[in-house]
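Q: I am new to this structure and would like a close look at a single part. Please start with one loop and lead me on from there, explaining each term as you go.

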Amino acid sequence: MAPIRLAIVGLGKIARDQHLGAIAATDGIDLVAVASRNAQLDGVHCFNEIGDLLASGIEIDAVSLCTPPQGRFEQAKAALDAGKHVMLEKPPGATLSEVYALEALAKAKGLTLFSTWHSRAAAAVEPARALLAKRKLKSVSVEWKEDVRHWHPGQAWIWEPGGLGVFDPGINALSIVTRIMPEKFHLTRSDLTFPANRAAPIAASLAFETDSGVPVSAEFDWRQTGPQTWDITVETDEGKIVLTHGGSRLIVDGEAQIVEEDREYRNLYRDFVALVAAKSSDTDFSPLVHVADAFMLGRRIQTEAFED
Ligand SMILES: NC(=O)c1ccc[n+]([C@@H]2O[C@H](COP(=O)([O-])OP(=O)(O)OC[C@H]3O[C@@H](n4cnc5c(N)ncnc54)[C@H](OP(=O)(O)O)[C@@H]3O)[C@@H](O)[C@H]2O)c1
């Protein structure tokens, strides 16, 4: 198969931090164009908007959307309507109905839609899933605490409706938990802490229960300075399984099992190439369903105003 001719839309932080390097390191996919209002890249065709790119006649097979979730639907729909395969950054969209509409459109057109979850591509996730399939779970607790000023400096969209606030990182934890758990779970309590001047929460305290009644708790907080915490702890009948560093390290019964370099985005592009070749899609929206539930069931707690 000829390499996929790819365009990136939204040449911002994550596109530069991860996508460009991962694409360059992946066989079967070449970056040929970029559409971004305020950024250009040497050596590829550059456009301001996806509409200009699609109208240009430049030959592309796929687009990778690296813009914020608000507005992503129109970009993805335009790409699918133009017959292009689509890879979505996480979260896949700003609402559930729009992502299900994209799923249906891709299916109707026979195109690949890949709703990526980069944290699921971390090294410890599949080994943890295999281990948990063999053990009886007693409880799960998630602690995802980071410094918003460090990771999202000046990103206004993240505090706007659809930007998800602390669920922007929190959904990464949910993408791992939904992958490794041997059974489904649902939300039972949600306390959301909103800065007085912001439309999105800065912290969330959540409780879930699995189908068989195993408790799952999650604490997301954007106010943590100093060491950052991205941990998932699973108590089982045979001991403790802990994923740390965002799913890249695995500790089983106190012993480190996996410590690996970050390959998340290279894994995502490898998977995208395989999905396109197989003419299939990967559209598991369950992490976004849990976030939507958290907003639906959320008790609003107000805290002091947040300034960047
Ligand atoms: N930052 C991270 O560490 C990280 C990690 C993993 C995943 N992600 C996900 O990747 C996505 C983008 O995050 P990011 O951190 O890269 O954001 P960003 O840098 O703020 O935005 C990416 C680019 O999108 C374009 N853009 C921004 N606001 C826009 C708007 N309202 N309409 C159209 N285009 C807009 C901008 O390019 P132009 O102005 O040039 O058009 C911007 O450079 C998010 O869904 C995020 O959750 C981010």
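A: Let us begin at H245, which sits in the loop between β12 (239–244) and β13 (249–252). Helices and strands here are DSSP runs (H or I over at least four residues for a helix, E over at least two for a strand), numbered from the N terminus. Residue numbers count from 1 along each chain as its sequence is written. Please keep in mind that this is a predicted model, in which local features need pLDDT of at least 70 and side-chain atom pairs count only at pLDDT 80 or more, while totals for chains, interfaces and linings use all residues.

H245 has a phi near 50°, a positive value in a residue other than glycine. For background, most residues other than glycine have a negative phi, and most peptide bonds are trans. H245 counts as partly exposed because it has 17 C-beta neighbours inside 10 Å. The cut-offs are these: with C-beta atoms placed from the backbone, a residue is buried if 20 or more others lie within 10 Å of its own, exposed if 12 or fewer, and partly exposed in between.

Another such backbone turns up at K279, with a phi near 55° in a residue other than glycine. K279 belongs to the loop between α8 (264–277) and α9, and it is exposed because 10 other C-beta atoms lie within 10 Å. A loop between β5 and α4 holds P91, and the peptide bond from K90 to P91 is cis, with omega near -15°.

That loop leads us to α4. The 14 residues of helix α4 (residues 96–109) should span 20 Å at 1.5 Å a residue, and its end C-alpha atoms are 20 Å apart, which agrees; the expected span is 1.5 Å times one less than the number of residues. V99, L102 and A106 of α4 are buried. Seen down the helix axis, the buried residues of α4 fall within an arc of 55°, so they line one face; the arc is taken from the directions from the axis to the C-beta atoms. On the face turned away from that buried side are the exposed residues S97, A104, K107 and A108. The cover over the buried residues of α4 includes α3 (72–81), β5 (85–88), β6 (113–115) and α9 (286–296). After α4 comes G110, with a positive phi near 70°.

One residue to follow from here is V86. Apart from neighbours within four places in sequence, V86 is in contact (C-beta atoms, placed from the backbone, within 7 Å) with A62, V63, L65, A76, A79, L80, A106 and L113. V86 also stands with A7, V63 and V177 as the residues that touch the most other members of the largest nonpolar core, which has 88 residues. Such a core is a set of buried Ala, Val, Leu, Ile, Met, Phe, Trp, Tyr and Cys residues joined through C-beta atoms within 7 Å. Helix α7 (residues 167–180) gives this core its largest share, seven residues. Domain 1 (4–115) and domain 2 (119–259 + 292–303) both contribute, so the core lies between them; these bounds come from an automatic or database domain assignment. Finally, the C-alpha centres of the two domains, domain 1 and domain 2, lie 27 Å apart, and seven residues of domain 1 are in contact with eight of domain 2.

Definitions and conventions
Contact = placed C-beta atoms within 7 Å.
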